[in-house]
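Open the structure in your viewer and keep the selection tool at hand. We will make two stops.

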Amino acid sequence: MNYQELYAQTIEEYSKRTPASAKAFEDAKNYMTGGETRSIVFFNPHPLTIERGQGAYLHDLDGNKYIDFLNNYTSMIHGHANPQIMKAAHESIDKGICYGSAISEQIILAKKLCDRVPALERVRFCNSGTEAVLFALRAANAYTGKSAIIKMEGCFHGSIDLVEHSIAPELSQKDPSNPWKAYPDCLGISQNVARDIYVAPFNNADAVESILKEHGDEISTIILEPIMGQTGAIAATKEYLVRLRQLADQYKVVLLFDEIQCLRVGYHGAQGLYGVTPDLTTVGKWVGGGYPIAAFGGKKEIMDVYNPQTKDFVAQSGTFNGNKLGMAAGIVSMDLLDEEAVDYINTLAEKLQKGIQKTIEQNELPISVARQGSLMHVHFTKEVPTDYASTKGPYKNFNKVLHLMLLNRGIFIAPRGSMNISTVMTPEDIDTAIAAYEEVLTAMKPLF
Ligand SMILES: Cc1ncc(COP(=O)(O)O)c(C=O)c1O
């Protein structure tokens, strides 16, 4: 069987299992452009419509049950409708949601973040990771008096124009005469911002040094994910981060770690594991217990640009910043993710990785499994990639088949192949996923 035949057969099976989702998608298209409202949720032939989530499981409109290895792209670290988080959320809602004033819960959650994440001397809250990145970069710009950034190819930092560049560029269309050029990831991005962005390959400190030598006087920030999430659980090397720290100090630029996805890899975040402390950090996803909050923070002297008791302070607006519901849920979420819980999800992830690798080895497949803590990604490359370019290979689109075949077996992962573990999963859930992978990868073997 070739790729096209297997894909067609898989789509047919998926369509048979999910007629109610198909109908919901058709209805949705009458009112929402493209039938959805978050691009990443769409896949062909139609996205699933989930009716409810409970613990580690999702249930779709057709009554199919899935083990959730996506967890809303890492935010549901304690599973769905977690009783402790729900209790705190309900108690909070009973007293109202937002007052347009300070609330005590903000202090509690801010303290928890500052106590836990090495770089965080001060934090402020906002409502999404995108906003956290925007406000962190603004702090860096105000502090340094400069406004260009160095970002890494493959790193994702949300949806503001400045950072939505060179996340997944077409490698064959890159201009070899301009190695640091930033490529917008979609139409509609202002063409003017690219001049404020220099792009370096991930894990390449020499490239960053070359950019700083040429343009250090323009650059306010080096921004990166210490572990690339969207591009596939790809880890920075320790040497790379140590050199970025030295370069940031030498050229007086702000080092910003975006830990919105990778904070979970260790109790003190990725920065705690690496032992490299940035100047600023952004966090989000699970720190709100599944509710839409995020935070940014770092060195007191940089964050002081937002201090309203200083002259010329930078304003940070946001109707829902620090809302009571997100704070209340976040406090419980942080308490639940203690060191033991981090170990638990990392151990389950290791079990899953080993199980998938066993099938890969037995069948001699050109597939690798990247894992950092409880973040995982199946790559259709023989070796685990170390940067964006090395994620590429001849097996483009194979993750589409993998994704649908797993859905057909009740395993819910990201269409691009990423997975993460929640604290409510059991070793039996992992065994079920390993068995599904074995079946799917064995069926895919003739495609290589
Ligand atoms: C590393 C990273 N930064 C920023 C963002 C943007 O966060 P949000 O979707 O909450 O705006 C994400 C979201 O996936 C992320 O993974």
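This tour of a predicted model goes to the ligand and then to a sheet.

**Stop 1: the ligand**

Select the ligand. Then add the residues around it: S128, G129, T130, F156, H157, G158, E225, D258, I260, Q261 and K285. Colour them by type. This shell has 2 nonpolar, 6 polar and 3 charged residues.

Now pick T130. An N or O atom in the T130 side chain sits 2.7 Å from an oxygen atom of the ligand. Go on to K285. Here a polar side-chain atom is 2.6 Å from a ligand oxygen. Next, show the backbone of F156. One of its polar backbone atoms is 3.4 Å from a nitrogen atom of the ligand. Turn on the surface. On its own, the ligand has 390 Å² of accessible area, and the protein covers 80% of that.

**Stop 2: the sheet**

Hide the ligand and select residues 368-372, 375-379 and 418-420, which are β13, β14 and β16. These 3 strands make an open sheet, ordered β13-β14-β16, with antiparallel pairing. Which strands stand at the edges? They are β13 and β16. Each has a single partner strand, so one side of each has no neighbour in the sheet. Look along the sheet for its twist, which averages 20 degrees from one strand to the next.

Zoom in on β13 and β14. Their antiparallel pairing runs over 5 bridges. Click V369; its bridge partner in β14 is V378.

Last, select residues 339-363. This is helix α12, which packs on the sheet and touches β13, β14 and β16. The direction of α12 makes about 170 degrees with that of β13.

Terms used. Residues are numbered from 1 along each chain as its sequence is written. This is a predicted model: local features need pLDDT of at least 70, side-chain atom pairs count only at pLDDT 80 or more; totals for chains, interfaces and linings use all residues. Side-chain values use heavy atoms; hydrogens and water are left out. A residue is near a molecule or strand if one of its heavy atoms lies within 4 Å of it. A polar contact is a pair of N or O atoms within 3.5 Å; within protein, one must be able to donate a hydrogen and the other to accept it, and residues adjacent in sequence count only if both atoms are side-chain atoms. Accessible areas come from the Shrake-Rupley method with a 1.4 Å probe; for residues, only the protein chains shown count as cover. Ala, Val, Leu, Ile, Met, Phe, Trp, Tyr, Cys and Pro count as nonpolar, Asp, Glu, Lys and Arg as charged, and the others, Gly among them, as polar. Two strands pair if DSSP finds at least two bridges between them. Helices (H or I, at least four residues) and strands (E, at least two) are DSSP runs, numbered from the N terminus. Axes are lines fitted to C-alpha atoms, for helices over the stretch in contact, and angles run from 0 to 180 degrees between N-to-C directions. Contact means heavy atoms within 4.5 Å.
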